[in-house]
Amino acid sequence: MFSDSFVIELRAVLQAQNHLLQQIEDALSELEEKFSDVDEQTRQIQELEKMMAELEASLDYLEADDFEDFDADQIIQLYENRQKSVSHELIKIGYKDWNSFVRQCQIYTLERRIDPLTPYESLLTEADLQQLKSESYKAQYQWDQFDYMAVGTSGMLAALTDYFLVAIPQTINGGQYAGQLGSPLTAWLKQYNINQSDDWFAQWTKTLEKTCKTPYDNQTLIDGMSAKSHRFQSLGHDPVLGFIFGILDIMRGTITGFSYKKLINLNVHKWECHPVPEAQTVGLIEALLRHLGHLISDVATPMGLPAPFMTLMQGINMGSFGEKKRTVAEIARWMYLNGYDFRHFLVTGITPAVIEVTLRAYIMLRHYSEKKEFKIDICSNPKYRTMLLSAHGIATLANAGKIALMQGNPLAINYAQWLACIRYLIPSMKYWVFDKHQLKLDHLEKINEDNWDSLLDNSDKILQMVTQSSDLIYLN
C-alpha cells in the first residue's frame, strides 16, 4: 500500500494535471498551431521510416549511384531536434526528479487557488467511476437474480427432501406423536439385520463380533446400561469419538461413558470411567483393529451405532422440554432408543447433500461460463461461501418448521443439516468479524498493482501534453 506522504504528493500531482487538462481541452485549437513544429518533425521521421522500409524491401535492386544524394546526418539531426524540443519543455517546468516535480505541482495548485482537499472522485471521468465501481470489493461478491434463484431453489429442494424422505426414524403408533410416519429410506436400511441374515457380510460380522471383543462393551459397570442403551452410553461406540475413547479403553482395559439411573441420579447423566475386570491391555495397532472390527459388527444390529457426537449430549443436564420436562441429555437418550441411530443419520445427510450437489454445480458452471477456467476454491470465496450458508440456513429453518408441524417431536430434528449449517456459519462469522476488512485492503492493493502500469502510461501522456504548451504551463 502507499505511504501517507506519497498519497499527499500524488494528490497535488493529480490536481495539477487535472487542472491542466481542463485548460488544454478549452484551448485545443490554439495548441494545434503551437505544436506544428513538433508535428512536422514527427511527420518527417515517419516519412523517413517509411522510406527506410521501402529501401530494405528493394535492397537487392539498389546500386551505388542510388545513394549519391543520401545524407545520414540528416536523420540523426532530426532525432536530435526531436529530443531537444522535448527536453526543453521538461526543463521549463523544472522536471528534474520526482520531488522537484511534486513541488512545482504544489506551487501550481497554490497559485491558481485549487482546493488541496478536493476529493479524488472529482478528478475522474464517468468511465473511470464506472470502472472503479465494477472493480470494487463489494461488486466482486455481489449477488444477482440468478444467484438468489439458485440459493432459494437448492434450499427448498433440501427442505422438501427433509420433510418427505428423511421424516423421522420410524413410524410412531402410540403416545403423544402417534400417527407420524417414519422415513422409507431409514426403514429400507434397517430391514437388513445380521442376526436374521446368512450372507457373506452377516457371517463376517458374526466372526468379528467374536474376535473383536472390547472392554467398552461391558454393560454392568455403569448405571443405566442395558442391551439397548449401552452403545449410546459408552463413548467407545461413537462413530467418531470412538477412535479416541474407544481405542484408549481397549489399550487401558477400561470403559468410559455416561451413567444414567433415573431414581438414583435424579435424571442426571454422569461422566464415568471404570477399569474392566480381566480386560487385557494391548498395543495401539491391535486396539485400532479391534475397534474397527467391533464397530462393523454393531452397525447392522437392531439398535445400531449412535449418531456421531450425539453421545456427548448426555453431558448437557440442562433444559426442560416437552410435557415430561426432559433435559437435553434425556432427550438425546430417548431419541436413540426410538430409532435415531447412525443409519438414520446417514439418511439425514441427504438433505445437506442436495444443497451441496445442486448449488455447487451451479457455482462451478457459472464460474466457468464467466471466467473460462475450471480452477475454483468455493470455500475460500466469500460470495460462494455465503451462498452455501444461506441455502443451508433455508433448509435448517425449514427443519425447525418441520419439528413444529410434528408437535415438537425431537425425532424430526435433521442432525446432519444442523451440523452442515454450523460448519458454514463458524467460518462466515470469522470472516465478518476479522477477515472482511483485511480482504478489502488486499483487493484494493491488487487493483493498484494490476493497473499501476496503466496509470503511469496515462500520466506520461498527460505530462507530454503539458510540456508541449509553453503558454499554459510555465511553473518556474
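## The main nonpolar core

In this predicted model, the largest nonpolar core has 20 residues, and those touching the most other members are Ile 168, Met 310, Met 335, Tyr 340, Leu 411 and Tyr 415. Two elements each hand over two or more residues to this core: α15, running 328-337, and α19, running 415-467. Of the contributors, α15 gives the most, with 5 residues.

## Leu 411 and a second core

Let's zoom in on Leu 411. Leaving aside residues up to four places away in sequence, what does Leu 411 touch? Its contacts are Ala 167, Ile 168, Pro 169, Ile 172, Trp 334, Met 335, Asn 338, Tyr 340 and His 344. Ile 168, Met 335 and Tyr 340 from that list also turned up among the core residues that touch the most other members.

Apart from the largest core there's another one, made of 17 residues, including Val 354, Ile 355, Ala 391 and Cys 421.

## The second largest pocket

How much space lies in the second largest pocket? The figure is about 740 Å³. Its lining takes in 31 residues, and the ones nearest the pocket's centre are Ile 331, Met 335, Asn 409, Pro 410 and Ile 413. So far as elements go, α15 and α19 are the ones that give two or more residues to this lining, and α15 gives the most, with 5 residues.

As for chemistry, the lining splits into 18 nonpolar, 10 polar and 3 charged residues.

## Where the two meet

Met 335 is worth a second look: it is listed among the core residues touching the most other members, and it is also one of the residues nearest the centre of the second largest pocket.

Notes
Residues are numbered from 1 along each chain as its sequence is written. This is a predicted model: local features need pLDDT of at least 70, side-chain atom pairs count only at pLDDT 80 or more; totals for chains, interfaces and linings use all residues. Side-chain values use heavy atoms; hydrogens and water are left out. A nonpolar core is a set of buried Ala, Val, Leu, Ile, Met, Phe, Trp, Tyr and Cys residues joined through side-chain atoms within 4.5 Å. Buried means under 20% relative accessible area, exposed over 50%, partly exposed in between (1.4 Å probe, protein chains only). Helices (H or I, at least four residues) and strands (E, at least two) are DSSP runs, numbered from the N terminus. Contact means heavy atoms within 4.5 Å. On a 1 Å grid over the protein atoms alone, a cavity is a set of points where a 1.4 Å probe fits but cannot get out, and a pocket is an open set with protein on both sides within 12 Å along at least five of seven lines; lining residues have an atom within 4 Å of a point. Grid points are joined across faces, edges and corners, and a volume is the space filled by probe spheres set on the points. Ala, Val, Leu, Ile, Met, Phe, Trp, Tyr, Cys and Pro count as nonpolar, Asp, Glu, Lys and Arg as charged, and the others, Gly among them, as polar.
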